[in-house]
Amino acid sequence: MTDSPRVQKAIEMAKKAHAGQLRKTGEPYIVHPLAVQKILEEWGMDEDTIIAGILHDTIEDTDLTLDEIKQEFGEPVAFLVDGVTKLSTARNGMRDIDTYLPATRDNFLRLMIALGDDIRVLIIKLADRLHNLRTLSALPPDKQKKIAKESLEVFAPLADRLNMGRLRVEMADLAFKYVDPRRFEELKNIIDKYNKSAEKSLVKIEEEVAEALKKEKIKFEISGRVKSVYSLHKKLAKHNQNMGEIYDLTALRIIVEDITDCYLSLGVIHSLYTPMNGRIKDYIAMPKQNGYQSLHTTVITKDKKVVEFQIRTREMHEYAERGLAASFYYNEQKLTENYKKGKIEHLPTNLLWITELQMTAARLREGKKVDLKKLKINLFADKIFVYTPKGDIIDLPKGALPLDFAYKLHSEIGDHVVGVKINGKMSNLNKRLEQGDIVEILTSKNQTPKQSWLDRIITPHARTKLLHALRPSTRENVPPKKKRKPRQQ
């Protein structure tokens, strides 16, 4: 793709436009758009998307105009560059506004719906964010943490919703390293230590499985898969930090030719080892919401080792790794040509939610009213995103209450809550927070934690902090034991 005359012309145009500009790393600015180009090429994106990736910062940061881009590369490229520019501008505006109007209070998903006329705009933005994370060390610590936090809360879940598994893993680990560096290193050491101790036994298991599959004349590839640091962090949180509940620190992945071979391979593995109850998952018959397909099984070997296997076809594997980008590659189409009244054709069934995004965007462009709450699209299914008055994004589980929010900010804030304002209006601590709410916690130094607050929180983090704060006062309120009178003889 780099050899394409149009791509070469875009590179020359970007070099000229960004001439003299430097990144925070001290490198010439052109390094960034060329890195975005490389990422998009690795994902197998079409030529227009790659060109737009090269030029994505020119409208905002240089004297180049949209008309010049349109004249040189056509309407589709100009359309994509304009979309990325609007997305960046709108996000900057969101961060800088202290008082939100209802129309600007929507979370990042709603912003993307309004601007996402072409889903490739989001893919370019993901490539842009990935390279920014790879070079985040050049920024001041406060900006590092803010960008990393937003990446964990918004961009990594977006990659997951698009089933871009490889991107989600890299983005989440890069971001988590800055959000909580101590925890990152602690978990990384656990993974490294486990992998080192399990290496020999995994080689033996791999050889046993390979021999058995060959006997059945199944064509296959087998390789190891190491669990990412952030995935381990999330799983430990789910299992109350109990490492004994984590069975997939390392997994063996088997890629076969067709679905029949997937199930045959599963039978072979179960004939060799004892499957664990409740640990067989058929994501081929019932794919995940994002379209992920694979067979998962966890087994106990003869020498009592616990190992997870993932079995899938080559196409399933490509889709699990590259998601929507793989669909672009396999369909070999320029989707902009199919955008008619918001409709996208030839997308996989699991990505038809994008059609709804397109139709919603079209209605918004026409000035029609849209009830965003009724949208079936939900990139962050188990979370809500609320804001501080300064515009910082705070993620919480659905059903969270103001005290969950307060303790998420800081235990000192949580311990001294006297009230809450939601969207500028006084509210109460029993009100469940909703997507996009602006939450202001009111505190007083005279306030102390109350036992009754335990009924007004749902998150384990807030419960732990509150119980810790309650312990001293609980001890103080326990009456001293009466001394026993000596028995009279």
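Asp-192 and Lys-188 sit together in helix H11 (residues 181-215), 4 residues apart, or about one turn of the helix. Helices here are DSSP runs of H or I with at least four residues, while strands are E runs of at least two, both numbered from the N terminus. The model is a predicted one, where local features need pLDDT of at least 70, side-chain atom pairs count only at pLDDT 80 or more, and totals for chains, interfaces and linings use all residues. Residue numbers start from 1 along each chain as its sequence is written, and side-chain values use heavy atoms, with hydrogens and water left out.

Back to that helical pair: the side chains of Asp-192 and Lys-188 meet in a salt bridge, meaning a side-chain nitrogen of Lys or Arg within 4 Å of a carboxyl oxygen of Asp or Glu. By that rule the count comes to 15 salt bridges. Here are three of them.

| Salt bridge | N to O distance |
|---|---|
| Asp-192 and Lys-188 | 3.1 Å |
| Glu-47 and Arg-6 | 2.6 Å |
| Glu-318 and Arg-322 | 3.2 Å |

How exposed are these residues? Buried means under 20% relative accessible area, exposed means over 50%, and partly exposed is in between (1.4 Å probe, protein chains only). Asp-192 is partly exposed at 37%, and Lys-188 is partly exposed at 33%. Glu-47 is buried at 18%, whereas its partner Arg-6 counts as partly exposed at 25%. Glu-318 and Arg-322 are both buried.

The Glu-47 and Arg-6 salt bridge links distant parts of the chain, with Glu-47 in helix H3 (residues 47-54) and Arg-6 in helix H1 (residues 5-17), 41 residues apart. Asp-48 joins in too, since Arg-6, Glu-47 and Asp-48 are linked in a network of salt bridges. By contrast, Glu-318 and Arg-322 are 4 residues apart in helix H14 (residues 314-322), about one helical turn.

Which charged residue is buried yet has no salt bridge? That's Arg-312, and its nearest side chain of opposite charge, Glu-321, is 4.7 Å away. (For charge, Lys and Arg count as positive and Asp and Glu as negative; His and the chain ends are not counted.) Arg-312 lies in strand E6 (residues 306-313). Among the residues it touches, not counting those up to four places away in sequence, are Arg-253, Cys-262, Tyr-292 and His-317; contact means heavy atoms within 4.5 Å.

Strand E6 is joined to strand E5 by 6 bridges, and the two run antiparallel. Strands pair if DSSP finds at least two bridges between them. Val-299 stands opposite Val-307 in E6. The two strands form a hairpin with 5 residues between them, and Lys-304 in the turn has a positive phi of about 70 degrees. Strand E5 (residues 295-300) is largely enclosed by the rest of the structure, because 5 of its 6 residues are buried. It also has antiparallel links to strand E3 (residues 274-275), through 2 bridges, and to strand E4 (residues 281-282), again through 2 bridges. Thr-274 has Ile-300 as its bridge partner in E5, while Lys-281 stands opposite His-296.

Further along, there's an open sheet of 3 strands in the order E10-E9-E11, with antiparallel pairing. Its edge strands are E10 (425-427) and E11 (439-443), each pairing on one side only. Strand E9 (residues 417-422) is joined to E11 by 5 bridges, and Ile-422 stands opposite Val-439 in E11.
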